[in-house]
Amino acid sequence: MSSIRNAISKREYKERSQPASRKKFGLLEKHKDYVVRAREFHKKEDMLRRLKEKAANRNPDEFYFKMINTSTRNGVHRPESEANKYTPEELLLMKTQDLGYVLQKIQSEKKKIEKRQAVLHSLDNRPSSKHVYFAEDSEEANEILSRSSNNEELHASAPVPSAIKKKMNASYKELEARMKRVGNLERVYAEMALQKELQKKGRKRKLREDEIVCPTDRPVYKWRAERKR
């Protein structure tokens, strides 16, 4: 019986669309849209009710140390400052880890550059193929020489396919970009290494331009000599 009932085609139920006279109000809200909107509304309503209950049942004498460390300015809650969250030793350790990561990226990029240069060098300097011919007399030798010279001229004048040219140009651009990236990483590494050294203990001062032996655009520092016990 059920198979006969399912075999009969039924009319598909469709919700009506927005009438033409009410197009200015946008899309007509369907039942599923109302369900989502109602759930969100009741969810916010329940949250406000719970917060009101918490505020009504709060102990006026309760105290937390965070009440001293934080404050409310212009109605906005300001948490305590995290500027000194880490100790100098922890900051130095994080600097060391960052330096290790940057150094690893520099070495990886250099290996990729060497590999790309080797491939391009082998493509640019491909050895010319050589064949050995054997002739029985001078006439046959002259004929072979003339034929081989004509073939060499044809091979030399043959144009390089555009697809290969395109790939080689892309490879050269990639090589240039990687070399530029290595230069930027090396500058970042030098700056981070300097900042790490400045965080260490010991008296130091920045040298003036007339005190620098080798002029450079980077700051140069000098540490005071200390006796090692």
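Select Thr 70 and its contacts (a contact means heavy atoms within 4.5 Å): leaving out residues up to four places away in sequence, Thr 70 touches His 77, Arg 78, Pro 79 and Glu 80. Thr 70 sits in the loop between helix 3 (66–69) and strand 1 (71–73). Helices (H or I, at least four residues) and strands (E, at least two) are DSSP runs, numbered from the N terminus. Thr 70 is buried, with a relative accessible area of 12%. Buried means under 20% relative accessible area, exposed over 50%, and partly exposed in between, with a 1.4 Å probe and protein chains only.

This is a predicted model, in which local features need pLDDT of at least 70 and side-chain atom pairs count only at pLDDT 80 or more, while totals for chains, interfaces and linings use all residues. Residues are numbered from 1 along each chain as its sequence is written, and side-chain values use heavy atoms, with hydrogens and water left out.

Now show the whole chain as a cartoon. Its secondary structure comes to six helices and four strands, in the order α-α-α-β-β-α-α-α-β-β from the N terminus. Of its 229 residues, 10% count as buried.

Next, select Tyr 64, in the loop between helix 2 (31–56) and helix 3. Tyr 64 is exposed, at a relative accessible area of 51%. Add Phe 63, Phe 65, Met 67 and Ile 68: with Tyr 64 they form a nonpolar patch on the surface, with about 620 Å² of accessible area together. Patches are made of residues with over 30% relative accessible area and no salt bridge; like charges are joined within 9 Å, and nonpolar side chains (Val, Leu, Ile, Met, Phe, Trp, Tyr) within 5 Å. Accessible areas come from the Shrake-Rupley method with a 1.4 Å probe; for residues, only the protein chains shown count as cover.

Move to the largest nonpolar core: Leu 99, Val 102, Ile 106, Leu 185 and Met 192. Such a core is a set of buried Ala, Val, Leu, Ile, Met, Phe, Trp, Tyr and Cys residues joined through side-chain atoms within 4.5 Å. Helix 4 (88–124) and helix 6 (162–199) each give two or more residues to this core, and helix 4 gives the most, with three. Centre on Ile 106: apart from neighbours within four places in sequence, Ile 106 is in contact with Leu 185, Glu 186 and Tyr 189.

Follow helix 6 to Lys 196. Lys 196 is buried, with a relative accessible area of 17%. Beyond four places in sequence, Lys 196 touches Leu 92, Lys 95, Thr 96 and Leu 99.

The last stop is the salt bridges, of which the structure holds nine. A salt bridge is a side-chain nitrogen of Lys or Arg within 4 Å of a carboxyl oxygen of Asp or Glu. Select Glu 109 and Arg 178, whose side chains meet in one (2.9 Å, N to O). This pair links distant parts of the chain, with Glu 109 in helix 4 and Arg 178 in helix 6, 69 residues apart. Glu 109 counts as buried at 6% relative accessibility, and Arg 178 counts as buried at 16%.

Keep Arg 178 and add Glu 174, which meets Arg 178 in a salt bridge (3.3 Å, N to O). Both lie in helix 6, four residues apart, about one turn of the helix. Finally, add Arg 116 and Arg 181: salt bridges that share partners join Glu 109, Arg 116, Glu 174, Arg 178 and Arg 181 into one network.
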